[in-house]
Amino acid sequence: MSENPSKPPANERNVTLPPNKQTAFPCPICGMQRNIRDSKREKPYVVCDDCGVQLFVRKAEGIKKFKELAATGAASHIIQKGRVQRAVELHDEIKKLKIKRSEVEDQSFFSIFNDDSKNAVRTIDQQIIALESELHALGEAP
Ligand SMILES: [Zn+2]
């Protein structure tokens with residue numbers, strides 16, 4: 001298979017300019033900057049194709065705040081602040097669970113490591129894995 005040399009490769013067609021501060025707003029789900037568009041009624045909205053988010057701002061007060069948040073880049077800070085808070089919560093929770101896990105193991109060490117202990121450790125491990133993967137996803141996000 002060969003590509004038509006007169007056509008640019010598929011990933012270079014319909015290139016849109018990268019969003020800049022005044023004309024972009026972060027997607028509330030993934031945090032990526034998305035271009036602010038204007039509806040037919042000249043109300044701003046943002047679409048994130050990756051997340052399937054459509055964020056419409058319809059009232060004058062909201063539009064005013066939305067434009068301020070976009071112009072100052074504050075929306076990104078709000079999202080970042082939420083991410084940082086969640087990352088700290090996850091980190092603390094993982095630490096607590098690991099301590100709890102070794103307590104359960106220590107308590108069981110001299111007695112028989114019974115099914116209850118095994119189930120408790122297994123459940124704690126599953127929770128640790130779930131929280132670590134959430135934390136990992138937060139760390140990977142922009
Ligand atoms: Zn998104």
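**Fold and confidence of the predicted model**

The protein chain comes out with three helices and four strands. This is a predicted model, and its elements run along the sequence as β-β-β-β-α-α-α, so to speak strands up front and helices behind.

The four strands make an open sheet, lined up as β1-β2-β3-β4 with antiparallel pairing. At the edges sit β1 (24-26) and β4 (53-56), each of them paired on one side only. Going from one strand to the next, the twist averages 35°. Inside the sheet, β2 (residues 33-38) and β3 (residues 44-48) are held in antiparallel register by three bridges. One residue pair can be picked out here: D38 has P44, in β3, as its bridge partner.

As for packing, 6% of the 142 residues in the protein chain count as buried. Contacts across the sequence are still well represented: among those with a separation of 6 or more, 40% link residues 24 or more positions apart.

Confidence needs a look before any of this is put to use. The pLDDT of the protein chain averages 84, and 80% of the residues score at least 70. Two stretches drop below 50. Residues 1-5 have a pLDDT below 50, and beyond near neighbours in sequence the model gives this stretch one contact. Residues 11-15 also stay under 50, again with one contact beyond four places in sequence. Where helices and strands are concerned, β4 has the highest confidence at 96, while helix α2 (residues 74-109) has the lowest, at a mean of 90.

Technical notes:
Residues are numbered from 1 along each chain as its sequence is written. This is a predicted model: local features need pLDDT of at least 70, side-chain atom pairs count only at pLDDT 80 or more; totals for chains, interfaces and linings use all residues. Two strands pair if DSSP finds at least two bridges between them. Axes are lines fitted to C-alpha atoms, for helices over the stretch in contact, and angles run from 0 to 180 degrees between N-to-C directions. pLDDT is the predictor's confidence in each residue, from 0 to 100. Two residues are in contact if their C-beta atoms, placed from the backbone, lie within 7 Å. A residue is buried if 20 or more other C-beta atoms lie within 10 Å of its own, exposed if 12 or fewer, and partly exposed in between; C-beta atoms are placed from the backbone.
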